[in-house]
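Got your viewer open and a selection box ready? Here is a short tour, stop by stop, of what to pick and what you'll find there.

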Amino acid sequence: MREVHYQEIVEKVADMCQRANYDLGEDVVNAFKNALQTEVSETGKDVLLQLIENAEIAATERVPMCQDTGYAVFIVELGQDCHITGGSLYDAINDGVRKGYGEGYLRNSIVGHPLERVNTGDNTPAVVHVEMVPGDKLTIHMTAKGGGSENMSALKMLKPSDGLQGVKDFILETVKQAGPNACPPIIVGVGIGGTFEKAAYLAKKSLFRPIGERSSRPEIAALEVELMELSNKLGIGPQGMGGRTTALDVKIEIYPCHIASLPVAVNINCHASRHKEVVL
Ligand code: SF4
């Protein structure tokens, strides 16, 4: 049994929270640059250039790329031969978020009660999903998820008879409804199948895949490409100012489901698509 100490997790998580907010991933910046080649709207091109410049300033000056520094969401792959010592995994992650957001002067965006709405003051608690996996490693994936794009996400329990066309219509309608409110160009995360909560989790999980990395299932990879092309025909464009670049990517994860059900969840991410990963 391999041991990973509590404090090591705290330090890594704190560092990830800051890097996520300062260093936009290469996949996202390259997607902006690629979009410049296909964007026809002059305003759209101008917005893309500003997004590239914004990412450069954030990385160079170590400042957040957006005032919304996000909800800290984690997917943790915990090897079954890995033992965490010195405290609980959840406490370590929350201590790391507290430290990272505090020392990085990142905005605290979490309220402790959804109705009373008093800020917790340290951006905790994080949302933590744990998956048990074979082996002795601890892999932590983190995203700082923007509230504006999260708000434009949706889930629908379709009827099996709605079929593939029903799935496509719902995804495109959600992208259309999001319009400028999700801070496009967006990344569209989709979960199809499972149960109500499984579909939502799959949609979130799909957003951790780098831009341009297709599903390993050929029919799903083809659907990702098709939906990205259809999204980019909606004319929403960068920051909703019109143009071809509405979605930088569409990611789809699937899971078996009940004979009576066809759940579809669409989790939208904004252009500040911030995700980091560490392996301990
Ligand atoms: S949705 Fe994204 S880009 Fe828009 S304000 Fe929030 S974090 Fe920033």
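Which helix supplies the largest share of the lining of the largest pocket? Select helix 7 (196-206): the largest share comes from this helix, with 5 residues. Keep in mind as you go that this is a predicted model.

**Stop 1: the pocket**

Stay where you are and bring up the rest of the lining. The largest pocket holds about 600 Å³ of space, and 24 residues line it. To find its centre, pick Y71, I110, V127, G147 and E150, the closest lining residues to that point. Helix 7 has company here: strand 2, strand 4 and helix 5 (147-151) each supply at least two residues of the lining as well.

**Stop 2: the sheet**

Now switch to cartoon and show strands 4, 2, 5 and 10, in that order: they make an open sheet of 4 strands with mixed pairing. Strand 4 (127-133) and strand 10 (275-279) are the edges; each has a single partner strand, so one side of each is left without a neighbour in the sheet. Look along the sheet and you'll see a twist that averages 15 degrees from one strand to the next.

Zoom in on strand 5 (residues 138-145) and strand 10, which pair in the antiparallel sense over 5 bridges. A handy marker is H141, which stands opposite E277 in strand 10. Next add helix 1 (residues 6-22), which packs on the sheet and touches strand 2 (71-79), strand 5 and strand 10. The direction of helix 1 makes about 35 degrees with that of strand 5.

**Stop 3: the cores**

Turn on side chains for I9, F74, I93, V97, L138, I140 and M142. These have the most contacts inside the largest nonpolar core, a set of 29 residues. Helix 1, strand 2, strand 3 (82-85), helix 4 (89-103) and strand 5 each supply at least two residues of this core, and helix 1 gives the most, with 8 residues.

F74 deserves its own selection. Skip its neighbours within four places in sequence, and F74 is still in contact with V13, I93, V97, A126, V127, V128, H129, I140, H141 and M142. Apart from this core lies another one, of 25 residues; pick A182, I186, L223 and V250 to see some of its members.

**Stop 4: the cavity**

Where is there enclosed space? The count comes to 1 cavity of 30 Å³ or more, and about 40 Å³ of space lies in the largest cavity. Select L24, F32, L51, N54, A55, M65, H271 and A272 to see its lining. Helix 3 (residues 42-61) gives the most to that lining, with 3 residues.

**Stop 5: backbone oddities**

Finish with the torsions. Go to the loop between helix 4 and strand 4, where P125 lies; the peptide bond from T124 to P125 is cis, with omega near 0 degrees. Staying in this loop, pick Y105, which has a positive phi of about 50 degrees although it is not a glycine. Y105 is exposed, with a relative accessible area of 75%. R117 is also found in the loop between helix 4 and strand 4; it has a positive phi of about 60 degrees, again without being a glycine, and is exposed at 55% relative accessible area.

For the last selection, take P184 and P185: a cis peptide bond joins them, with omega about 10 degrees. P185 lies in the loop between helix 6 (163-178) and strand 7 (186-194).

Terms used:
Residues are numbered from 1 along each chain as its sequence is written. This is a predicted model: local features need pLDDT of at least 70, side-chain atom pairs count only at pLDDT 80 or more; totals for chains, interfaces and linings use all residues. Side-chain values use heavy atoms; hydrogens and water are left out. Two strands pair if DSSP finds at least two bridges between them. Axes are lines fitted to C-alpha atoms, for helices over the stretch in contact, and angles run from 0 to 180 degrees between N-to-C directions. Contact means heavy atoms within 4.5 Å. A nonpolar core is a set of buried Ala, Val, Leu, Ile, Met, Phe, Trp, Tyr and Cys residues joined through side-chain atoms within 4.5 Å. Buried means under 20% relative accessible area, exposed over 50%, partly exposed in between (1.4 Å probe, protein chains only). On a 1 Å grid over the protein atoms alone, a cavity is a set of points where a 1.4 Å probe fits but cannot get out, and a pocket is an open set with protein on both sides within 12 Å along at least five of seven lines; lining residues have an atom within 4 Å of a point. Grid points are joined across faces, edges and corners, and a volume is the space filled by probe spheres set on the points.
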